Amino acid sequence: MSATLGALLRQLQPNWSISMFERLDAAAAESSDPWNNAGTGHSALCELNYSPQTADGSVDVTKAIDINERFQVSRQFWAYAVENGILGDPSRFINPIPHVSFVHGADDVQYLRKRYEALAGHPLFEGMEYIDSPDEFARRLPLMARGRDYSDPVALNWTDGGTDIDFGSLTKELLAYLGASGADIAFGHEVRNLTKQADGSWLVKVENLRTGRSRTLNAKFVFVGAGGGALPLLQKSGIKEISGFAGFPVSGQFLRCTNPALIAQHEAKVYGKAAVGAPPMSVPHLDTRVINGEAGLLFGPYAGWTPKFLKDGSNGDLFKSIRPGNLAPMLGVGLTEMSLVKYLVSELLKSYSGKVYTMEEFIPRADGRDWEIITAGQRVQIIRRKGAGGVLELGTAVIAAEDGSIAGLLGASPGASTCVTAMLDVLQRCFPREYAEWTPKLQNMVPSLGVKLSDNKSLYGEVWDWTSKTLNLTSVEHTANTVN
């Protein structure tokens, strides 16, 4: 998020001074690291939690359409960045890969058919296929088909136009551009405090973690893009907008395939349905990755719990974030989310063999000797005040002070996939006067700015073809199919 905002500002105001501080000694070593997330490029093509079934049996695709719209904005900015030398070879950070929704059991097969019917005719989802033929299932997903008992019916929603994204590589390239263009980027530095001045600016106290020396900078604008560490920093700022917000940390693990023969048998991102009580970021998926030009395969995540807000954080993070203003929301969520607590406890107690057994839903003949456990990135889900209590919230939220002098980002999925939309929101809210002047330049970066692509099919076709060509993504025919 911070790298994206920095790149946007450098394009819009090349004369502004920019300083960026990273507490770790490397870029994108937390949640943006490719082995710490699934890199799906959340576009709602395969994530079923964005298209829930309602009480009357219909499927609500409102959130899926909204998230896909936001992902298209990211694609456009990345294509602009490639054309203008901000980013290099696109294959280093984005590659084409089918996105697939997978269910089994008669009820879920019926749900997936309804989802297909609700989405396939939509401009942003044209090309989606519905598949419930065992033969076609086996042809497309041989690793998942081997040893499967088809007396338990299966179905797929299949979209060829998906992507795999290495957000770590993307972040590093954006930071390299910023550094080369004159920004001050300091690793191994942690922001310790934020103090508002009478003139509206901020004093930012930063500590060099290698030497222990501190320095203080004066900034007219501050953006807090610290992942799970954003909540504590925004609390230190004292802005009233952060009151009532809390965070619920969820850790996790993946099984990473170590057998090249198995990796070669699966080329798709396949998402299933979340377990009852599971947080949205714990939706199971069998996930092809492309990292440093090499294919990999992940399954997971397996949820866990730790009070840390960052993978490289402190066990005191959660407790230090408790304030009088967010205590009631936290207690309210604790009382209403017992299914989540039960789910997390069951996950914590699951053995390695139990994890492999869970994977057999996707790979019936899974062998634990072909996989290794890796620790995933930390996610801090938003708790927001609601009435006298609170609610656990999916998604990301931009928090900005009323005067626009500081903003930050909280939350998890869809996260980085919608980074450009989120940062455009920051620009509009924090620089309202400048934003009007910037609009022509922004429309050059994002041709669909201010337009819903779902309402303008011809414009969608134009930007889809442009981004697919520029980012070296395989263009797909936008025609719907069913395979029975």
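# Packing around helix α15 and the nonpolar cores

The buried residues of helix α15 pack against two other helices, α2 (62-83) and α14 (432-445). The model described here is predicted. Helix α15 itself covers residues 457-470, which makes 14 residues. From its first C-alpha to its last it reaches 20 Å, close to the 20 Å expected at 1.5 Å a residue. The buried positions of α15 are Leu 459, Tyr 460, Val 463, Trp 464, Trp 466, Thr 467, Ser 468 and Thr 470. After the helix comes Asn 472, which has a positive phi, near 60°.

One of these buried residues, Trp 464, also takes part in a contact with a charged side chain: Arg 75 lies over the face of its ring, at 4.1 Å from the ring centre. A second arrangement of this kind involves Arg 140, whose charged end sits over the ring of Trp 158 at 5.0 Å from the centre.

## Nonpolar cores

Nonpolar side chains tend to be buried together in soluble globular proteins. In this model the largest nonpolar core holds 53 residues, and the members that touch the most others are Phe 77, Trp 78, Leu 87, Val 426 and Leu 427. Two or more residues each are given to this core by α1 (2-12), α2, α6 (167-180), β19 (396-400), β20 (406-411), α13 (419-430) and α14. Leu 87 illustrates the packing: beyond its neighbours within four places in sequence, it is in contact with Trp 78, Ala 81, Val 82, Phe 93, Leu 170, Glu 173 and Leu 174. A second core, separate from the first, has 36 residues, including Val 191, Val 250, Ile 382 and Leu 392.

## Aromatic pairs

The count of aromatic pairs comes to 15. In one of them, the ring centres of Trp 78 and Phe 93 are 6.3 Å apart and the planes stand at 75°, so the pair is edge-to-face. Trp 78 belongs to helix α2, whereas Phe 93 lies in the loop between α2 and β2 (94-96), so the pair ties together parts that are 15 residues apart in sequence. Both Trp 78 and Phe 93 are buried. Elsewhere, ring pairs link Phe 102, Phe 137, Tyr 150, Phe 299, Tyr 302 and Phe 362 into a cluster.

## Cysteines and a buried glycine

The structure holds zero disulfides. For Cys 46, the closest cysteine sulfur is that of Cys 419, and at 18 Å this is too far for a bond, because a disulfide requires sulfur atoms within 2.5 Å. Cys 257 is likewise in no disulfide, the nearest cysteine sulfur being that of Cys 46, 19 Å away.

Relative accessible area for these two cysteines and for Gly 368 is listed below.

| Residue | Relative accessible area | Class |
|---|---|---|
| Cys 46 | 0% | buried |
| Cys 257 | 8% | buried |
| Gly 368 | 18% | buried |

Gly 368 counts as buried because its value of 18% falls under the 20% limit. This glycine is found in the loop between α12 (352-359) and β16 (371-375). Apart from neighbours within four places in sequence, Gly 368 is in contact with Tyr 352 and Val 356. Gly 368 and Ser 43 are 325 residues apart in sequence, and their C-alpha atoms are 31 Å apart in space.

Terms used: Residues numbered from 1 in each chain as written. Predicted model: local features only at pLDDT ≥ 70, side-chain atom pairs only at ≥ 80, totals over all residues. Heavy atoms only, no water. Helix = DSSP H or I, 4+ residues; strand = E, 2+ residues; numbered from the N terminus. Expected span 1.5 Å × (residues − 1). Buried < 20%, exposed > 50% of the residue type's maximum accessible area, 1.4 Å probe, protein only. Contact = heavy atoms within 4.5 Å. Phe/Tyr/Trp six-rings, centres within 6.5 Å; stacked < 30°, edge-to-face > 60°. Lys NZ or Arg CZ within 6 Å of the ring centre and 35° of its normal. Core = buried A, V, L, I, M, F, W, Y, C linked by side-chain atoms within 4.5 Å.
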